[in-house]
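Morning, everyone. I'll put the structure up, then walk through the chains, the interface and a few residues.

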Amino acid sequence: MASYKVRLSADLDRWIADGLVPETSREPILAGVAEPRRLEASAALAVVGGLLAGVAVIAFVAANWNGIPRLGRFGLVLAIFLGVSGAAAWCAERRPLARNVLLLVASLVFAAAIGLTGQIFDIAGEPRAALHAAGLGAALLALSGRSSAAFAASLLFIAIGDAEMSWLGDRMASPPWLALAAPAGVALAWAWRSKPLAHAAAIALPLAALYLMIWGDVNMKANLEVFGLALAFGGLAAIARQLEAQDHPVAGVAYGWWVWAMLGFFAAAGLGPHGPPVLLHRALWLALAGGVTALGLHDRRPLVTAAGAVFLAGAIATILFDLGLGLMSAAAVFAVVAAAALAGGLALRRRARA
Amino acid sequence: MSLPVRIWAAALLLAALLAGLVTRETLARNAGQEARLAMQTVDPRGLLTGHYVDLQLTEALAPGVACPAGLESAPNKLGWIALRPGPDFAHVSGYAARRADAARLGPMVMRGKAYCYAAPERRDMAGWVTLDIGVRRFHTDQAQAEALAKALSDRRTGEATAFAVVSVGQDGKARLKGVIVGGRRADLTWY
């Protein structure tokens, strides 16, 4: 898609030809419009390189190579960790991007050091503890150096650690750490105005809600607890949309992902043996997905439009494959929702004309 | 506090915590009481994933032998497991919810879960006791892992025995020291 400056340049040519704007104003107007800030290719490569360097250290430790004794490996990994952290401290004031990437690498190297300790002391028997410790370490580094990438790594480690939870029957043994880490990530993304962290935290929040629901072992009639989560994320998405309208730089990211979460929880609430009445749920699902698609197009938010389109397709497929729901019933559901969509569109058009 | 100082402080704190953990665990493992626990052979292909050996601590009970005291009702809850040293390895001699009660069932006690199955009325059926004491994997390099896998597969034909060597500390926690497979001992060391 052409940038605003390119589109304005074309518009200016047209306005000058129509005599609306003097030709001498063209250059000053264009000079006054700033190009949107873009991540340079070299910076993007630095982020990718840093990430891969950290993963390489983790893989090196995981390979359990016997060419160097474990003590030597431990010393080497610890020296790399302190070296990378020192480099991040050196870059702290003068190169913020380098500081961010180096603290991400330091977080990954610290996780490798924990992995090596786990190999020697069989902490791997408690994989959750190792992953949570790596997550806490990454969070501490992130907070110390204001590194959004390190906090994103922290969320990832904690999420994987929670997924490794000990299970007691159908229940998780202890509450998920992500329930604290994800809201903290949202708050930091907001405070630091970091879009990458906003992506990570906005995805982590619904995951934390899911873990909490599993841990709480809530089994309400007609999956009302899952509907409650869908409602909550719908509310959060609405708030994020309002904030985006006030030009907050990260609200748009959260808006997109929480729409995905709302639709995901709504769809999941109608599945399984104890769900709500099938016809009602499927009809609402269709209407909601169609509405979200329209909203995404209206707001020019591809992430929201994609969520609507994906869940619309999911709803149609589910209706067609629903056992016990005949094709006549399916046709009725499609027809009712289609009529509602057409009526809604017509009403909006009339209001716009008025 | 300036940004560089904060970063250095965080990094040094994390390094110190890790070094402290390593030192504490090394001291605890060296100071604990050593016990050999019977290890069950499983399909070697299932045993090795990457460069570690999955450990399943299962002691076979002879046909007609009942479950140890406290394990008759199969509690499988976190409690205290009593061990009684034998000529080859330590046998599970009982289980209790409280440490003091478990200590009356055997000279060595450790924290963990145990599950037992036995049918003493049937002379043709052997029972077993499985332990979950937080010791699940033995990490090693590929060559040693493959040698252990071979020895474990040999054991299936009755030619070898397999034990996990643990160190039980004052806190009742079992820490893995190594494994003995086919009479060959491999320890977790720094070297």
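Chain B has 191 residues, and 45% of them count as buried. This is a predicted model, so keep that in mind throughout. Chain B holds four helices and eleven strands. Look at its contacts between residues at least 6 apart in sequence: 62% of those join residues at least 24 apart.

Now confidence. For chain B the mean pLDDT is 81. In that chain, 86% of residues reach 70 or more. There is a weak stretch, though: over residues 42-50 of chain B, pLDDT is below 50. Leaving out near neighbours in sequence, that stretch still has 16 contacts in the model.

Chain A next. Its pLDDT averages 83, and 88% of the residues score at least 70. Which elements of chain A have the lowest and the highest mean pLDDT? The lowest is strand β1 of chain A, residues 167-168, at 46. The highest is helix α8 of chain A, residues 178-192, at 94. For the model overall, ipTM is 0.71 and pTM is 0.75.

On to the interface. Interface size is often quoted as the accessible area lost when the parts come together. Here, chain B and chain A bury about 3100 Å² between them. Of that area, 71% is on carbon and sulfur atoms. In residues, 31 from chain B are in contact with 39 from chain A.

What about charge pairs and polar pairs? The rule finds zero salt bridges across the interface of chain B and chain A. It does find two residue pairs in polar contact there, both at pLDDT 80 or more.

Which elements of chain B give two or more residues to the side that touches chain A? They are α1, residues 3-31, and β8, residues 137-139, both of chain B. The largest share is from α1(B), with 17 residues. By type, the side of chain B that touches chain A has 18 nonpolar, six polar and seven charged residues.

Now some single residues in chain A. Start with A:His281. This histidine sits in helix α12 of chain A, residues 278-299. Is A:His281 buried or exposed? Buried: its relative accessible area is 3%, and the cut-off for buried is under 20%. What does A:His281 touch, not counting residues up to four places away in sequence? The list is A:Phe227, A:Phe266, A:Ala267, A:Ala269, A:Gly270 and A:Pro276. One of those, A:Gly270, also places its backbone nitrogen 3.3 Å from a polar atom of the A:His281 side chain.

Last topic: backbone angles. Most residues other than glycine have a negative phi. Two arginines in chain A are worth a look on that score.

Take A:Arg146. Its phi is near 55°, a positive value in a residue other than glycine. A:Arg146 is in the loop between α6 (127-145) and α7 (148-163) of chain A. At 45% relative accessibility, A:Arg146 counts as partly exposed, because exposed needs over 50%.

Then A:Arg193. This arginine has a positive phi of about 55°, although it is not a glycine. A:Arg193 lies in the loop between α8 and α9 (195-216) of chain A. Its relative accessible area is 52%, so A:Arg193 counts as exposed.

That's my walk-through. Happy to take questions.

How values were computed: Residues are numbered from 1 along each chain as its sequence is written. Chains are lettered from A and ligands numbered from 1 in the order in which they are written. Side-chain values use heavy atoms; hydrogens and water are left out. pLDDT is the predictor's confidence in each residue, from 0 to 100. Contact means heavy atoms within 4.5 Å. Buried area is the accessible area (1.4 Å probe) that two parts lose on being put together, summed over both. A salt bridge is a side-chain nitrogen of Lys or Arg within 4 Å of a carboxyl oxygen of Asp or Glu. A polar contact is a pair of N or O atoms within 3.5 Å; within protein, one must be able to donate a hydrogen and the other to accept it, and residues adjacent in sequence count only if both atoms are side-chain atoms. Ala, Val, Leu, Ile, Met, Phe, Trp, Tyr, Cys and Pro count as nonpolar, Asp, Glu, Lys and Arg as charged, and the others, Gly among them, as polar. Buried means under 20% relative accessible area, exposed over 50%, partly exposed in between (1.4 Å probe, protein chains only).
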